Amino acid sequence: MVATPRSWGQRHRRHAGPGPGRRGAQLAAGLRFALSQLDALHHTQFEQAIRELMRRDGCPDAARVGGGGDLGADVKATDPFGRRWVIQCKHRGNGDRGSAVGTPDLQVLSGTARQVHGADVAVIVTNGRVTAPAVAFAKQQRLHVVDRRVLGTWAAGNRPLWELLRALPPPRKPSALS
């Protein structure tokens with residue numbers, strides 16, 4: 001199923017979200033987005049879509065916290081392995097033709113994700129591009145970058161984000177998904 005901007009919210013209300021042990025069934029029934037759908041969203045809807053993808057993947061506590069004064073966190077979630085995720089969303093109205101996410105965006109995430117929000121995994125997600133200096137800074141600071149290519153794979157597929165990223169911290173607890 002590919003969601004429309006309206007249908008994903010309706011779908012979530014019908015299905016309050018699975019516990020971690022039901023991830024396989026939820027992924028199979030899966031919420032999916034095409035990049036063109038994500039491009040068409042307002043930035044707050046984009047944050048909601050990212051929250052819904054985290055819930056789809058087995059994070060029932062995923063919450064959108066973005067807005068003025070969010071201190072670099074738009075979505076927070078705990079994965080089935082007990083890791084705390086802090087996600088900063090950067091929506092570009094023109095997708096990959098819009099302005100690139102740069103080092104200043106990652107500096108905000110780096111300065112607040114772990115210290116303020118208690119992140120185990122700090123991620124910036126964009127439907128656009130990321131500059132090479134920003135990618136280098138992210139690697140140096142142990143931040144994860146989900147650019148348009150990775151977002152497209154995650155949103156349209158059936159694999160959770162943690163299977164698409166490298167060098168994640170170890171689980172805090174055994175998985176209920178095993």
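This is a short tour of two helix pairs, one strand residue and a pocket in a predicted model.

**Stop 1: helices H4 and H7**

Start by selecting residues 43-56, which make up helix H4, and then add residues 148-156, which are helix H7. Turn the view until you can see both helices at once. How do their axes cross? They come within 10 Å of each other and cross at roughly 55°. An angle like that is neither under 35 degrees nor in the range 65 to 115, so H4 and H7 count as oblique to each other. The crossing is left-handed.

Now show the side chains where the two helices meet. On the H4 side, pick Phe-46, Ile-50, Leu-53, Met-54 and Arg-56; on the H7 side, pick Leu-151, Trp-154 and Ala-155. Try colouring them by class: this contact has seven nonpolar residues, no polar ones and one charged one.

**Stop 2: helices H5 and H6**

Next, select residues 103-112 for helix H5 and 132-140 for helix H6. Here the packing angle is about 20°, and the axes are 8 Å apart. Angles under 35 degrees count as roughly parallel, so that is the label for H5 and H6. This crossing is right-handed.

Which residues of H5 and H6 meet? From H5 come Thr-103, Leu-106, Gln-107 and Ser-110, and from H6 come Pro-133, Ala-134, Phe-137 and Ala-138. Colour these by class too, and you should find five nonpolar, three polar and no charged residues.

**Stop 3: Val-145**

Keep Leu-106 and Ala-138 on screen and click on Val-145, which sits in strand E5. Beyond its neighbours within four places in sequence, Val-145 is in contact with both of those residues, and also with Ile-124, Val-130 and Leu-165. For a quick exercise with the distance tool, go from the C-alpha of Val-145 to the C-alpha of Val-125: the two are 20 residues apart in sequence, yet 6.3 Å apart in space.

**Stop 4: the largest pocket**

Stay with Val-145, and add Leu-143, His-144, Leu-165 and Arg-166. Of the 18 residues that line the largest pocket, these five are the closest to its centre. The pocket has a volume of about 450 Å³.

Which elements give two or more residues to the lining? They are helix H6, strand E5 (144-146) and helix H7, so bring back the helices from your earlier stops. H6 provides the largest share, three residues. What classes of residue make up the lining? There are 10 nonpolar residues, one polar residue and seven charged ones.

Notes
Residues numbered from 1 in each chain as written. Predicted model: local features only at pLDDT ≥ 70, side-chain atom pairs only at ≥ 80, totals over all residues. Heavy atoms only, no water. 1 Å grid on protein atoms, 1.4 Å probe; cavity = no way out; pocket = protein on both sides within 12 Å on 5 of 7 lines; lining within 4 Å. Points joined across faces, edges and corners; volume = space filled by probe spheres on them. Helix = DSSP H or I, 4+ residues; strand = E, 2+ residues; numbered from the N terminus. Nonpolar A, V, L, I, M, F, W, Y, C, P; charged D, E, K, R; others polar. Axes fitted to C-alpha atoms, helices over the stretch in contact; angles between N-to-C directions. Parallel < 35°, antiparallel > 145°, perpendicular 65-115°, else oblique. Left-handed = near helix turned anticlockwise from the far one by under 90°. Contact = heavy atoms within 4.5 Å.
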